[in-house]
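User: I have this model open and would like to go through it step by step. Could you help me with what lies inside and how the helices pack?

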Amino acid sequence: MIVLVLALLAGVGYGAYWGVSTVRASLPQTTGTIKIPGLDGQVEVKRDSYGVPQIYANTDQDLFRAQGFVQAQDRFWEMDVRRHMTSGRLSEMFGKSQVSTDEFLRTLGWRRVAQEEYDTKLSDETKKYLQSYADGVNDYLKGRDGAEISVEYAALGFTNDYRPAKWTPVDSVAWLKAMAWDLRSNMQDEIDRSLLTSRLDGKQIKELYPPYPYARTNRSSTRAAINQDTGEYDPEAEPGGKANGDGTGTGTDGTGTGTDAGAGGTGTEAGGVGTAGSAAGAVGGLQSQLDALSGTLDEIPALLGPSGSGIGSNSWVVSGKYTTTSKPLLANDPHLAPQLPSVWYQMGLHCRSITEDCQYDVAGYTFSGLPGVVIGHNKNIAWGMTNLGADVSDLYLEKINGDTYQYGNEQKKFITREETIKIAGAKSQTITVRETGHGPVVSDRDSELRKVGDKAPVDNAAPDRGEGYGVSLQWTALQPGKTMDAVFELNRAEDFKQFRAAAENFEVPSQNLIYADFEGHIGYQAPGKIPVRAKGDGSLPAPGWNPDYHWKKDYVPFSELPYEYDPERGYIVTANQAVIDDEKYPHMLTTDWGYGARSQRINDLVKFEDQGRREDLDRRHAHHAGGQPQRDRLRYLCRIC
């Protein structure tokens, strides 16, 4: 029996609802001693006047076990709802109203991918930390009924007999899929462009999606390209030509959108039977179906908080030559959707001494339900992130015939699985999930999309309609990866080399990572799995029956992704804008950059105003300038179409 010590540095307020005892029953214990079996030694949890916990331990296992316990004390209801969302099990808590959401999430299979990730990709060390965290959560749950865990369970008890289950390591991993969904880039724009084709011609759509202003906006590096001798990205290299993609698209960060070639159907082209040409008619005939899918997609971000205009993120790092301390200052404002409680959870994880058994001394922001720190600093480095906006998902039109779909000249069998959805207060329902070689058939989860065969007008070159066309989703987050490894590696990194090594495993979601260290260096790295398309640019749904539109086996190599280290200008800004020069960089990261209004404004403020103190950066975060409502207007126009 080991002791967990909790120290109180400030008081905690409370309110009244149902009765004082009901509310107080689930408030976290912040003073005194709690005995928890399984700890290797004494752990201290110190809270400041805002209730932010700082945890001190002698082993990594104790550190993450205590993190799990403390987060469960503070936010287990949030954690429980999140894991039911990521596993498509909200109906178990909230009944029939969540069945359609669960059906869609089961079709995507976030939890299945997270399980595969845990089983086949993550390091043994990461698994050990995840298990320690889960043990800490379960230490808190043990012996407590619902009302003692969180007051919300008292309310839920009026409607059903739900009881929280034990926490598992995969519950933590699955939350990364939800965050990737929230930052998935241009899927909605892909649908919107298709919807607009029913009422507007290519020239008109191009006017709504004007070219990205590369010449007028600042990027991470204006000279960057692939070094022709080494084959690797070089911030100072001369351009070496385009590798793939021809550029067209729309923005996703809420500040505006940009395209290079307008909208003329870069996802589909004219041609013969069963090829890209037949997709043009299919896209035109899928207006109502894509509109229905758009509505379904809108329901999922609502679970993570509102999205859209104004949700873009900002970050910048200034070198010591501009600061009063001669050390870099790093500012990060990651605008994930606002929620109560916040999607972020602030805390610190501190080994009393850094040893082989205890490797962490880090503080910053993480997510409840996730061990480690996602954005923050240790004694050597600091890092932040904004969304890169890379195009990592594509919709495919699928020609369906019974239990097969067309691919080239073949009829391939669907991969199928059955999913049983338990519903509070009602009988369970079973659905069948179908997958093509591209991914899950998301159109199966909407009644309007299931009628696609009755409504899709196509040209004479199209494959025989049979039972109609479906829509499948290919997305990098549906492949198992190592992002959870990267979180712990970032927490331990001591220099830019180790920072980049950690970033290489940060596969999903693809982010802009900025960097500063105690030695005075600043840097930037764009990580992530970014697909290389054999044909097309992902701006419109692609013809799934045409093998020419496949993703190549290998993603853009990490060595060829953009980075910077100690740029001569002395600062780096990321705010969802283009980070490369389209004429110099050989890979198509996305055609859907934001216009760069926020990044340009930050650049102007950094160049022409004081940045020498932390207070100066705080002022920049609070700065407000006129926004661009174009994206929202386009969404409404698409609905009218």
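User: How many residues does the largest nonpolar core have, and which have the most contacts inside it?
Analyst: The largest nonpolar core has 123 residues. Those with the most contacts inside it are I55, F76, W110, W181, F367, W475 and W593. A nonpolar core is a set of buried Ala, Val, Leu, Ile, Met, Phe, Trp, Tyr and Cys residues joined through side-chain atoms within 4.5 Å. Buried means under 20% relative accessible area, exposed means over 50%, and partly exposed is in between, with a 1.4 Å probe and protein chains only.

User: Which element gives the largest share of this core?
Analyst: Helix α2 does, with 10 residues. Helices (H or I, at least four residues) and strands (E, at least two) are DSSP runs, numbered from the N terminus.

User: What is W475 in contact with, leaving aside neighbours within four places in sequence?
Analyst: W475 is in contact with W110, K177, A180, W181, R184, V392, S393 and W551. Contact means heavy atoms within 4.5 Å. Apart from the largest core lies another core, of eight residues, among them W316, V318, A331 and V573.

User: Before we go on, what kind of model is this?
Analyst: This is a predicted model, in which local features need pLDDT of at least 70 and side-chain atom pairs count only at pLDDT 80 or more, while totals for chains, interfaces and linings use all residues. Residues are numbered from 1 along each chain as its sequence is written, and side-chain values use heavy atoms, with hydrogens and water left out.

User: Back to α2. Where is D80, and is it buried or exposed?
Analyst: D80 is found in helix α2, which covers residues 60–86. Because its relative accessibility is 0%, D80 counts as buried.

User: What does its side chain do there?
Analyst: The side chain of D80 makes a polar contact with the side chain of R83, at 2.8 Å. A polar contact is a pair of N or O atoms within 3.5 Å; within protein, one must be able to donate a hydrogen and the other to accept it, and residues adjacent in sequence count only if both atoms are side-chain atoms. Not counting residues up to four places away in sequence, D80 touches M93, Y153, Y162, P164 and W167.

User: And N314, where does that lie?
Analyst: N314 lies in strand β7, residues 314–318. With 11% relative accessibility, N314 counts as buried. The N314 side chain makes a polar contact with the side chain of R598, at 2.4 Å.

User: Now the helices. At what angle do α15 and α16 pack?
Analyst: Helix α15 (residues 483–492) and helix α16 (residues 496–504) pack at an angle of about 170°, and their axes are 8 Å apart. Therefore α15 is roughly antiparallel to α16. Axes are lines fitted to C-alpha atoms, for helices over the stretch in contact, and angles run from 0 to 180 degrees between N-to-C directions. Angles under 35 degrees count as roughly parallel, over 145 as roughly antiparallel, 65 to 115 as roughly perpendicular and the rest as oblique.

User: Which residues meet there?
Analyst: A486, E489, L490 and R492 in α15 meet Q498, F499, A501 and A502 in α16.

User: How do α6 and α9 pack, then, roughly parallel or roughly perpendicular?
Analyst: Helix α6 (residues 124–141) and helix α9 (residues 169–182) pack at an angle of about 110°, with axes 8 Å apart, and so α6 is roughly perpendicular to α9. L130, Q131, Y133 and A134 in α6 meet P169, S172 and V173 in α9.

User: How many residues of helix α10 are buried?
Analyst: In helix α10 (residues 187–196), 10 of the 10 residues are buried, so this helix is largely enclosed by the rest of the structure.

User: Which peptide bonds are cis?
Analyst: A cis peptide bond joins L340 and P341, with omega about 0°. P341 is in the loop between β8 (329–333) and β9 (345–351). The bond from V508 to P509 is also cis, with omega near -5°, and P509 lies in the loop between α16 and β19 (511–517).

User: Last topic: what is the phi of S326 and of N576?
Analyst: S326 has a positive phi of about 65° although it is not a glycine, and N576, also a residue other than glycine, has a positive phi near 70°. S326 is in the loop between β7 and β8 and counts as exposed at 53% relative accessibility. N576 lies in the loop between β23 (571–574) and α17 (597–608) and counts as buried at 6% relative accessibility.
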